[in-house]
Every structure is written in C-alpha cells, then in structure tokens.
Amino acid sequence: MNIFPEAVSTYAHEMDKLFWLITLFAGLGFFITIGILIYSLIRFRYSPQRKPMTFRGNTFREFRWVALGMALLAFADFYVLYDEHDTWDKMMQSVPEEKDLHIAITGRQWNWIFTYPGPDGKLYTADDVIINEPNSTIHIPIHKNVVFDIRSVDVIHSVFLKEARFKYDAIPGRTITKWVQFHRPGKYELICAELCGVLHSKMRNFIMVESEEVFQQWLDELYAGTNE
Amino acid sequence: MATHTQSFWTKYIFSQDHKVIGAQYLIVGLIMAAVAGFFAYVFRYHLAYPDAEIPLWGTLDPRTYNMLVTTHGALMIFWVAMPILVAAIGNFLIPTMLGTDDMAFPFLNMLSFWVFFLSAVVVVTSLFVPGGGFDGGWTLYPPLSADAYLNTNPDFWKALFSGGSLVILALALEFASMLMGGINFMVTTINKRARGMSFSRMPILVWFMNFSVVTFMFSVGPVIAGALMLLLDRVAGTGFYDAYRGGDPILFQHLFWFFGHPEVYVLLFPTLGVMGEIIPTFARKPLFGYKFIIGASIVAIILSMVVWAHHQFVAGINPYMAVFFSVGTILISIPFAGIILSYVATIFGGNIRLELPMWWAVGFLATFLIGGLTGLYLGSNTFDIYAHDTSFVVAHFHYTLFPITFFGFFAAFYYWFPKYAGRMYNDFLGKLHFWGTFIFFQLFALPIFFLGLNGQPRRMADYTAFETLMQDWHIQFREIATISAILLILTQFIWLYNFIVSLWKGKRVSSDNPWQANTLEWQAPSPPPHGNFEVYPEVYRDPYTFGVVQVNGTKRDFIPQNEKLPS
Amino acid sequence: MQSTTVSLRRVPQGRLALWLLIAGELIIFGSAIVVYLLLRLRYPEWGAEAAKTHLSLGAFNTLVLLVSSYFAAKAHEASLKKLKGKVLRYLSLTVLCGLIFLGVKSYEYTEKISHGYTFTSPKLVEAGQGAAALFWSFYYFLTGLHALHVLVGLIAIGFIMYYVKNNKHFHRVELVALYWHMVDLIWIFLFPLLYIMQ
Ligand SMILES: [Cu+2]
Ligand SMILES: [Cu+2]
C-alpha cells in the first residue's frame with residue numbers, strides 16, 4: 001500500500017515532499033502534546049496527600065512553555081509556507097510561455113468534453129476537433145507542457161488527475177488556465193472531484209500519456225477522423 | 001420567586017424557563033442526530049458494499065445517495081451541533097452560572113425555540129416533497145443548487161415546495177432563531193450577572209458562549225443575503241448565480257464560506273467552554289491563562305473573518321490572494337494551539353481525579369488535536385490543491401466536528417447530569433460508552449485519511465467506475481470505516497439506556513456539589529427549581545480557586561465563588 | 001424576588017437587544033450591498049440601467065423617509081414625558097410617511113414592470129443583455145428587502161401605538177424609533193447606489 005498514487009507530473013514529487021514536511025511538524029506537535037498529556041495523567045493522579053500546583057499562567061515565567069509551543073507552531077507554519085512557495089509558483093502563477101499543446105477541457109453533466117486545436121495548431125478556430133463522449137480517451141505527449149483551458153457548460157465540475165496532483169474546478173462563465181507536464185507514460189483516469197449531480201460518480205474519461213511520435217500519429221488519425 | 005402553579009402546557013411545552021427550553025433544544029437536536037446518524041449508516045454501508053442490499057433500507061440509487069450525504073451534513077451542523085452545543089448548553093448554563101433566575105428575555109427565548117422547531121419541521125418536510133429531498137451538497141453550491149441553468153421561468157409554487165428551496169427556508173428560520181437566542185445570551189451576560197460577578201470573574205464557559213454567538217452574528221449576514229438570492233434563483237428565476245446572465249457562481253462560495261469558516265468556531269467555542277470548566281474541576285487546579293484564553297479567542301474571531309477563501313484554492317481564485325488566505329489560515333491555528341496548550345497546562349501539575357467527565361475532556365483534547373493538526377495540510381495552499389475535495393477533507397472535518405459536537409456534548413452531559421437531573425448516571429455504562437465512542441471513532445475516521453491521500457474524491461456514490469480507486473486495500477479500508485461507524489452508532493445506545501434509566505432510577509445525589517466545583521450552578525438545588533436559587537448568590541472571587549486551602553479550620557481544596565470567608 | 005434586584009443591571013435591556021438586532025441587520029444589508037458594488041464594478045453597463053430608474057420619485061421617497069424619521073424621533077421625545085396624545089400623533093405621522101413611501105414604491109414597481117424591467121427581465125435576456133437584467137434583479141432584491149423592513153416597521157409601530165393607547169410600555173417607543181432610523185439609514189445607502197450611480 002502506497003500512501004500516494006504514483007507521481008507522474010513534474011511537480012507531483014514536490015507536493016509529496018511537502019506532505020512529508022508537514023507530517024514531520026504535525027507528528028512532532030502531536031506526540032509532544034499527547035506525551036505531556038499522558039505523562040500528566042499518570043504522574044499527577046489523585047492522592048489526598050498531593051498538594052497540586054497553583055500556577056495560573058498569568059506571569060510570563062509561567063506562561064513561557066505555552067508561548068514556546070505557539071512559537072514552534074508559528075515557525076512550522078511559516079516554514080511550510082516558505083518551503084511550498086516555489087511549487088505554488090510553478091503550478092499556479094506561471095503558465096509556461098511555450099505551450100506545446102493547448103487543449104480546452106469542458107465539464108458537462110456527465111462527461112468531459114475535449115477540444116483539440118485543428119491542423120492550424122491554434123485553439124478556438126474553426127477547425128478545432130471536439131471529443132464529447134463518456135469514457136473517451138484523449139492522448140497527450142510526454143515531457144511536454146500541456147496547457148488546459150478548464151471550463152464548464154452547466155454546473156461546477158472539477159478536473160482531477162490524481163497521479164499528476166492536478167486539480168482545478170471547472171466553473172461556468174470562467175476559464176481557468178493551468179498546465180501540467182507528465183514524465184511517465186500511461187493511461188490515467190480523469191475524475192470529476194466536485195459534486196455535479198446524479199451521475200457525478202460515473203463521470204470518467206481517460207488521459208493517455210505517450211511519446212511524441214505515437215501522439216502525433218493519434219492526432220493525425222483524429223484529424224482524418226479515422227480513429228475509433 | 002415563581003410560586004404560581006403551572007399547567008402541563010406552560011410548564012413543559014410553551015415554557016419560558018431556560019432549563020426547559022434547553023431540554024427542548026436538546027431533545028430536538030438528539031432526534032435530528034438520530035436521523036442524521038441513520039443516514040450516515042445507510043450511505044457508509046453503500047460505500048463499503050456498493051452492490052449489497054442495505055439492511056433497514058434496501059437499495060440505494062446515486063440520487064438518493066447524494067440526498068442522504070447532503071442531509072447528513074446539513075442536519076449534523078445546523079440541527080444537531082447548533083442546537084445542542086450553543087442553544088441547549090447555553091440555556092442550561094448561562095443563567096445558572098451567572099447566578100440569576102432566567103434569561104434576560106424569557107419570552108424571546110421561548111420564541112427562539114419555536115422558530116427553531118419550525119425550521120426542523122421544514123427541513124424534515126423537505127425530504128418528502130415531490131421530486132425528493134435536496135441532493136446538491138450541504139454547501140449549496142450553485143448552479144447545481146440553483147437549477148438556474150435549466151430554469152429561467154420556474155413555476156413559483158412548485159419551485160418553492162421543492163427540496164432545495166425548503167432547505168434554504170429552513171436554514172433562514174434556523175439562523176433567525178439562533179440570532180434571537182444569541183441576542184438573549186449577550187444581553188443576559190451583560191445585564192444579569194450576580195452581585196460581585198465582574199466580567200473577570202465570569203466562568204470561562206460564559207465567555208465562550210458569548211464568543212460563539214458574537215461570531216455567529218458577525219458572520220451570518222452574508223450567507224443570509226446569499227441564501228435569499230439563491231432562493232430567488234430557484235423560485236423566481238433570477239440569475240444571481242447564473243453565469244449566462246451575468247451572475248457569478250463563485251459569489252455564493254464567498255458568501256457561504258465567509259460564514260462557513262467562523263461557523264466552525266461558533267461550534268468549537270461552546271465545547272472549549274465546557275472543557276474549560278471540567279478540566280480545572282477534575283485537575284483540582286486553577287484554569288491556566290484565563291485572560292490569555294479570552295484574548296486569544298478574540299484574535300481568532302477577528303482572523304476567522306479573513307480566511308474563508310481557503311475553501312476555494314482550486315476554484316480559480318487569484319493565486320496571490322490565495323497566499324494571503326493561506327497566511328490567515330495558518331495564523332489562526334496559533335491562538336487555538338495556545339488555548340489547547342493552556343488546557344494541557346491546566347492538567348499538568350494538578351491532582352487529577354479521573355472521573356468520567358474528565359475522560360471525555362481528555363478524549364476531546366486528543367482527538368481534536370488530530371483534527372487541528374491535519375488542518376495544516378489543508379491550510380497549505382499548495383497541498384490543498386491535491387487534498388481538496390478528497391476524503392482527506394472528510395476525515396479532517398470529522399476529526400474536528402465529531403469531538404467538538406459529541407465529545408463536547410457528552411463531557412457536558414456527564415458533568416452536569418447530577419445537577420440538572422438530581423440523580424447520578426451509571427458510571428460503568430458511562431465508561432463503556434466513552435471507550436466505545438473513542439475507539440470506534442478513531443477506527444472510523446483514520447482509514448478515511450489514507451483513502452483521501454490516495455486520491456479518493458469525496459461525495460461519490462460509489463467508486464466502481466474507477467479502477468485505481470478499487471484496489472484491495474481501498475475496499476478493506478472502506479469496510480473498516482463502515483463497520484466502525486456502525487459500531488460507533490450502536491455504542492450510543494448504551495448512552496441512551498444509561499440516560500433514560502438514570503433519569504428515573506439513578507441514585508439521588510447526596511450533595512448539590514458532587515464534583516466540588518466552584519461555579520454558581522453547583523450552589524443551586526439539584527435539580528434547580530424554576531428561578532434556580534433559593535437565595536441569590538453574591539460572588540466574592542474567580543471561579544477557579546482550587547488547591548489545598550485551609551477554610552474555617554477544615555482542609556479543603558476548593559472555595560466556591562459565593563463563599564464568604566471570615567476576614 | 002425579581003432577578004433585577006440581585007443583578008448588576010447597567011444597560012436598559014430592550015435598547016441593548018435592539019442595538020444587537022440592528023448590528024445583525026446592517027451586516028445582512030451590508031453584505032448584499034457589497035455584492036452589488038462588486039458586480040457594479042464588473043459591469044459598467046449597469047450605469048445605463050440605473051439611469052432608467054425614476055430619480056425624482058426616489059428622491060421624493062428619500063425625503064419622505066427622512067421626515068418620518070424626524071417624526072419618530074419626536075415621538076420618542078414625547079414618550080419620555082409620557083405624553084400619550086403627542087406620541088400617538090407623531091407615530092401616526094410616521095406611519096403615514098411609511099405608507100406614502102410604500103405607495104410610491106409600488107407605483108415605481110408597476111411602472112418598471114410595464115416597461116419590461118421585471119425581476120428577471122426576460123426581454124433583456126433575450127436581447128443578449130443578461131448583465132443588464134441582473135441589475136434589475138438586484139434592484140428588486142435590494143429595494144424589496146428594504147420595503148419588507150418598512151412593512152415590518154409599520155406593523156411594529158402599530159403594536160406600540162396600541163400599547164401606548166392603553167398607557168403601557170412607553171419605553172418601547174424608543175425601540176421602534178431606533179428600528180425606524182435603521183430602516184431610514186439603509187435607504188440612504190440604497191438610494192444613491194441604485195438611482196444616482198449612473
Ligand atoms: Cu462533474
Ligand atoms: Cu475554513
């Protein structure tokens with residue numbers, strides 16, 4: 001049993017590393033606090049002879065241990081923010097200049113619609129090719145910057161490619177542009193992660209990641225209208 | 001004193017006595033908990049065994065699954081946690097702890113309850129209207145909840161008597177009721193404290209109750225406006241959330257979460273208050289950092305108004321804004337960590353009596369700690385991109401809201417039962433109930449973290465369509481979670497039995513102050529009569545004077561707030 | 001024994017409760033207005049729609065509400081001295097103003113509706129001006145919610161007048177006057193936002 005699904009995009013590993021960093025901090029916080037709690041419960045069990053301490057934490061001397069705990073948490077918090085910043089920047093703030101492939105992916109009840117640029121290589125022109133059927137498989141090339149325009153025609157959906165650690169909502173009236181680069185070939189399930197109605201759990205398509213040549217071949221067949 | 005005789009109706013139904021009203025809220029809340037718990041059993045069973053017939057239910061189609069999940073969430077938060085933690089505990093305790101006879105506005109108090117009752121009736125009715133109950137998620141996200149994209153000219157009455165509209169109406173009534181109740185709490189606190197009870201001598205629970213209702217009052221406005229607009233979209237065909245008519249679905253998410261995040265604190269504060277009373281009493285030690293806790297809560301309330309968009313990191317929010325909300329979110333962890341650590345510091349160095357209420361308090365601290373710490377993963381905007389809308393979130397908020405609601409309630413229940421029932425519960429059954437609840441809850445929620453981390457999305461009727469979500473260990477973990485959830489629910493029958501039997505047949509308490517606590521409610525008779533006190537108490541000190549002291553020649557480790565010492 | 005004799009009682013409770021109620025109401029209206037403003041910034045074309053509202057009638061209504069607030073304040077003043085006749089006279093004037101306000105408002109509504117500017121304005125939607133239609137949704141939502149508060153205020157004043165007539169609860173005149181001032185205040189925000197901001 002692996003905790004995460006296999007990491008197949010360029011930023012997936014960074015996100016997994018972030019998970020372990022947070023786990024380190026959270027685990028420390030958990031075991032220290034629970035340790036003190038259990039120690040106190042055993043060490044200070046009731047006895048009629050015991051004279052309990054009476055400090056109230058009103059002076060800094062008494063308060064310092066709690067203050068230390070808060071300071072440690074603050075440190076952990078900000079360290080996580082600092083550490084994740086590059087990843088965040090990569091994923092969210094900078095769509096690469098060089099778009100190797102630009103696809104529109106549109107949610108509808110209940111399948112994803114994919115729009116590929118036509119032979120002219122540009123999206124949103126007359127020769128775009130639209131794939132709109134449940135359980136369809138689209139192909140994308142490996143080691144390339146694939147840019148998705150995410151949108152929806154009816155309710156909110158959410159594009160979730162768990163192996164790529166890629167998830168963004170598809171919202172009617174908006175276009176959210178995000179990118180991903182796969183570095184492992186394979187066929188990945190595209191899940192809808194936002195409740196979108198009765199058949200939400202059946203909203204499934206596939207993304208096939210393959211080498212440039214195989215992808216080109218698929219694309220040519222797509223243009224020729226000959227692939228199944 | 002109230003000496004007039006009362007008929008059955010004015011005594012138990014249209015009562016203006018805060019204790020009866022508290023009991024009424026409690027009963028409605030518990031009935032709703034039973035409904036919501038039963039729904040949880042049905043859909044958890046379905047998740048573990050997608051093809052099986054569900055005992056006591058039958059088969060489950062995806063639409064009904066969505067409806068059950070939606071209703072479970074809405075009921076548990078608004079019709080279980082809100083009435084039990086805020087309204088019931090607040091009603092039972094605020095006037096007695098302040099040493100007074102009743103709320104500032106007894107009639108308004110009664111009215112709040114009946115508006116709440118009406119809201120409960122409406123929300124239950126919404127399950128049975130033609131077209132079925134609402135199935136769009138308790139977060140009510142439009143356009144799914146608005147049906148606006150299909151529906152520009154709805155039939156008004158038909159749309160009004162549909163599941164979704166009735167849920168919104170019920171919410172509006174519930175909010176109105178809680179606002180009235182909250183105003184009552186605040187006015188009572190300001191005006192009706194006993195002589196000598198300055199603000200700095202108030203029990204921490206009364207502070208927390210007021211924080212709770214203040215937070216509610218300051219955050220609920222936007223969601224009321226937003227919900228009205230949603231209702232209009234449904235019944236009048238407006239396009240407030242319809243992107244094709246200039247509206248904006250994200251707008252609702254902002255309005256909803258502006259309220260939604262503080263709402264968690266609305267529920268957390270009463271429980272922190274309960275723990276703040278129980279822990280010093282059983283640790284026989286003054287509450288650590290009384291003033292600090294109050295200050296930290298105020299900071300948290302202010303911060304809670306600027307964190308809402310952390311629920312929208314994947315919803316196309318501006319990435320720079322997301323960093324701002326992420327900072328706010330992690331900042332807010334700090335005051336709460338301080339409060340939890342203050343409670344641990346109260347336990348440290350005490351003379352600890354491990355009675356049942358203390359078990360619940362410790363269980364709360366341990367469980368809630370996991371809930372709080374897993375919030376770090378979701379507060380991190382980057383990791384949230386992956387974890388958002390997965391079962392990790394489900395496990396996280398069950399790890400916060402379950403201890404808040406149920407550990408909070410049961411701690412309060414066992415602690416104050418001798419006072420308000422005048423009888424003792426069965427301690428053995430109570431311990432059994434505690435360990436069952438504690439263990440089965442962990443076994444129920446822990447596997448869900450791992451399923452979520454492995455990419456299992458939440459709110460899915462079944463995972464059979466996705467091969468990668470049907471690995472052997474996935475199926476086993478779902479089974480463990482489901483079986484534990486069922487055992488967790490069954491454990492509650494031990495409590496119910498204990499409650500009912502102890503209420504009629506429990507041993508009468510020999511002392512009005514069985515835990516040797518200092519707050520004023522323990523100075524009233526058990527159970528307190530209408531009007532609470534025979535002689536209204538006057539307060540001479542703070543409520544946490546514990547430790548070995550010499551009082552009138554006898555050795556004792558507590559001094560009640562109203563005990564006058566010879567100078 | 002009344003609890004008031006044992007408690008620290010500092011603030012008149014009715015007033016305290018009413019201030020809290022007003023705070024709650026202002027947050028509800030405030031958030032609706034913020035939402036309106038955010039969308040107003042997104043859609044400059046709303047200016048053209050706002051120009052279609054009846055500015056002079058809106059201004060007249062503003063005046064009517066201001067005057068009514070004055071009467072309410074006068075009634076409060078009189079209630080302190082328990083001048084029954086004066087209180088009743090001023091409260092009736094307040095009610096009269098409230099009714100005029102509602103009358104004018106309904107006239108405005110009928111006029112707008114007859115021109116096709118309704119809650120949903122299907123004509124505008126069909127013409128592809130969905131955003132313009134949304135302005136009218138907000139117009140009716142905000143003014144309607146406000147009118148509802150006027151109506152509630154009128155009913156409350158009615159109750160208070162009944163009490164005062166029976167020489168009871170003079171102090172409640174203050175409460176209803178406070179509430180009425182709030183209703184007035186909300187309108188003073190709505191008027192420029194919906195009528196003037198073109
Ligand atoms: Cu979907
Ligand atoms: Cu939140």
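Reader: Which residue with a positive phi follows H6(C)?
Author: This is a predicted model, in which local features need pLDDT of at least 70, side-chain atom pairs count only at pLDDT 80 or more, and totals for chains, interfaces and linings use all residues. Residues are numbered from 1 along each chain as its sequence is written, chains are lettered from A and ligands numbered from 1 in the order in which they are written, and side-chain values use heavy atoms, without hydrogens and water. Helices (H or I, at least four residues) and strands (E, at least two) are DSSP runs, numbered from the N terminus. The residue that follows H6(C), with a phi near 60°, is C:Asn167.

Reader: How far apart are the end C-alpha atoms of helix H6 of chain C?
Author: The expected span of a helix is 1.5 Å times one less than its number of residues. Helix H6 (residues 130-165) of chain C has 36 residues and should therefore span 52 Å. The distance between its end C-alpha atoms agrees with this: 52 Å.

Reader: Why is the arrangement around the copper ion (ligand 1) called tetrahedral?
Author: Donors are N, O and S atoms within 2.8 Å of the metal (3.2 Å for Na, K and Ca); water is not among the atoms, so sites may look incomplete. Here the protein donors are A:His157 (ND1), A:Cys192 (SG), A:Cys196 (SG) and A:Met203 (SD), lying 2.0 to 2.5 Å from the ion. Four donors count as tetrahedral if all angles lie between 85 and 135 degrees. The arrangement is tetrahedral because the four donor atoms subtend angles of 96 to 124°.

Reader: Is A:Met203 buried or exposed?
Author: Buried means under 20% relative accessible area, exposed over 50%, and partly exposed in between (1.4 Å probe, protein chains only). A:Cys196 has a relative accessible area of 0% and is therefore buried. At 0% relative accessibility, A:Met203 also counts as buried.

Reader: What is the spacing in sequence of the donor residues of the copper ion (ligand 2)?
Author: The protein donors of this ion are B:His261 (ND1), B:His310 (NE2) and B:His311 (NE2), at 1.8 to 2.0 Å from it. B:His261 belongs to helix H8 (residues 249-283) of chain B, and B:His310 to the loop between helix H9 (290-304) and helix H10 (319-347), so that distant parts of the chain, 49 residues apart, are linked. B:His261 is buried at 11% relative accessible area, and B:His310 is buried at 9%. The spacing of the donor residues is H-x48-H-H.

Reader: Which are the edge strands of the open sheet S4-S10-S9-S6-S7 of chain A?
Author: Two strands pair if DSSP finds at least two bridges between them. Five strands form this sheet, and the pairing is mixed. Two of them pair on one side only: strand S4 (137-141) and strand S7 (166-170) of chain A.

Reader: Which residue of S10(A) stands opposite A:Ile138?
Author: S10(A) runs parallel to S4(A), joined to it by five bridges. With strand S9 (residues 186-192) of chain A, S10(A) (residues 204-210) pairs in the antiparallel sense over six bridges; there A:Glu189 has A:Phe206 as its bridge partner. Five of the seven residues of S10(A) are buried. Opposite A:Ile138 stands A:Ile207.

Reader: At what angle does helix H3 of chain A run to S4(A)?
Author: Axes are lines fitted to C-alpha atoms, for helices over the stretch in contact (heavy atoms within 4.5 Å). Angles run from 0 to 180 degrees between N-to-C directions. Helix H3 (residues 212-224) of chain A lies across S4 and S10, and its angle to S4(A) is about 135°.

Definitions and conventions:
Tetrahedral: all angles 85-135°; square planar, octahedral: opposite > 155°, others 65-115°.
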